[in-house]
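This report goes through one chain, its helices, its charged pairs and its surface. The sequence and coordinates come next.

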Amino acid sequence: MTQETPVPPRKQRRALARLAWNVAGGIALLLGLIGIVLPVLPTTPFVLLAAFCFSNGSPRMRHWLVNHAVFGPLIADWEAHGAIARPIKRLSCSIMAGVFLVSVIAGVSPMVLIIQAVCLGGAATYVLTRPDGPR
């Protein structure tokens, strides 16, 4: 039989917190990756959330994400300037408009269309009012 050294509660809480941050970062990154191919799910906010979560849980994963060829510039612009690049704004708003148009064509109920219009309009307003950044 071996005796295990008891883990101090503070260390255990820290380890659990890091695990929680890493799980949240992984889920956010997965949702961001799904958002690349699924137009109803926004990629950029989930990638930004993943970078934040990994900064608290896994510096190695954050480093990978910040240095990623596609995601790195998005994170850098956001962290340095609170900015979203103009091409990303155009793409985001086009996808939001396309999703709304598909809903109209599909005959979604008017109440759902109103809710969707308010939510998408709010999201588009937020995206469009962010600075363009240096790029």
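Is D132 buried, partly exposed or exposed, and what is its relative accessible area? D132 is partly exposed, because its relative accessible area is 22%; buried means under 20%, exposed over 50%, and partly exposed in between (1.4 Å probe, protein chains only).

The model is predicted: local features need pLDDT of at least 70, side-chain atom pairs count only at pLDDT 80 or more, and totals for chains, interfaces and linings use all residues. Residues are numbered from 1 along each chain as its sequence is written, and side-chain values use heavy atoms, with hydrogens and water left out.

**Salt bridges**

Side chains of opposite charge can pair when their charged atoms come close. The structure holds 3 salt bridges, a salt bridge being a side-chain nitrogen of Lys or Arg within 4 Å of a carboxyl oxygen of Asp or Glu. The table lists them with the N to O distance and the separation along the chain.

| Pair | N to O distance | Sequence separation |
|---|---|---|
| R62 and E79 | 2.8 Å | 17 residues |
| R86 and D132 | 2.3 Å | 46 residues |
| K89 and D132 | 2.6 Å | 43 residues |

The side chains of R62 and E79 meet in a salt bridge. This pair links distant parts of the chain, with R62 in helix α3 and E79 in helix α4. Helices here are DSSP runs (H or I, at least four residues), numbered from the N terminus. E79 counts as partly exposed because its relative accessible area is 47%.

D132 pairs with R86. Here R86 belongs to helix α5, whereas D132 lies in the segment after α6. D132 also forms a salt bridge with K89, and K89 is likewise placed in helix α5. Through shared partners, R86, K89 and D132 are joined by salt bridges into one network. Within this network, R86 is partly exposed because its relative accessible area is 44%, while K89 counts as buried because its relative accessibility is 6%.

**Helix packing**

Helix α2 covers residues 43–57 and helix α3 covers residues 59–66; they pack at an angle of about 145°, and their axes are 7 Å apart. Axes are lines fitted to C-alpha atoms, for helices over the stretch in contact, and angles run from 0 to 180 degrees between N-to-C directions. The α2 and α3 crossing is left-handed, a term used if the near helix is turned anticlockwise from the far one by less than a right angle. On the α2 side the contact residues are V47, A50, A51, F52, F54, S55 and G57, and on the α3 side P59, M61, R62 and L65. Contact means heavy atoms within 4.5 Å. R62 therefore appears both in this interface and in the salt bridge with E79, by the contact cut-off of 4.5 Å and the salt-bridge cut-off of 4 Å.

Helix α4 (residues 71–81) has F71, G72, L74, I75 and D77 buried. Their cover includes α1, α2, α3 and α5, the last of these at 86–105. After α4 comes G82, with a positive phi near 65°.

**Individual positions**

T44, in helix α2, counts as buried because its relative accessibility is 18%. Leaving out residues up to four places away in sequence, T44 touches L74 and I88. L74 is also among the buried residues of α4.

A124 sits in helix α6, which runs over residues 110–129. A124 is buried because its relative accessible area is 16%. With residues up to four places away in sequence not counted, A124 touches C93 and M96. Its C-alpha atom is 9.5 Å from that of S94, a residue 30 places away along the chain.

T125 is also part of helix α6, but counts as partly exposed because its relative accessibility is 48%. From T125 to C53 the C-alpha separation is 25 Å, with their positions 72 residues apart in sequence.

**Surface patch**

L30, L33, I34, I36, V37 and L38 make a nonpolar surface patch of about 550 Å². Patch residues have over 30% relative accessible area and no salt bridge, and nonpolar side chains (Val, Leu, Ile, Met, Phe, Trp, Tyr) are joined within 5 Å. Accessible areas come from the Shrake-Rupley method with a 1.4 Å probe. Within the patch, I34 is placed in helix α1 (residues 9–37). I34 counts as partly exposed because its relative accessibility is 35%.

Technical notes:
Patch = residues over 30% accessible without salt bridge, like charges linked within 9 Å, V, L, I, M, F, W, Y side chains within 5 Å. Helix = DSSP H or I, 4+ residues; strand = E, 2+ residues; numbered from the N terminus.
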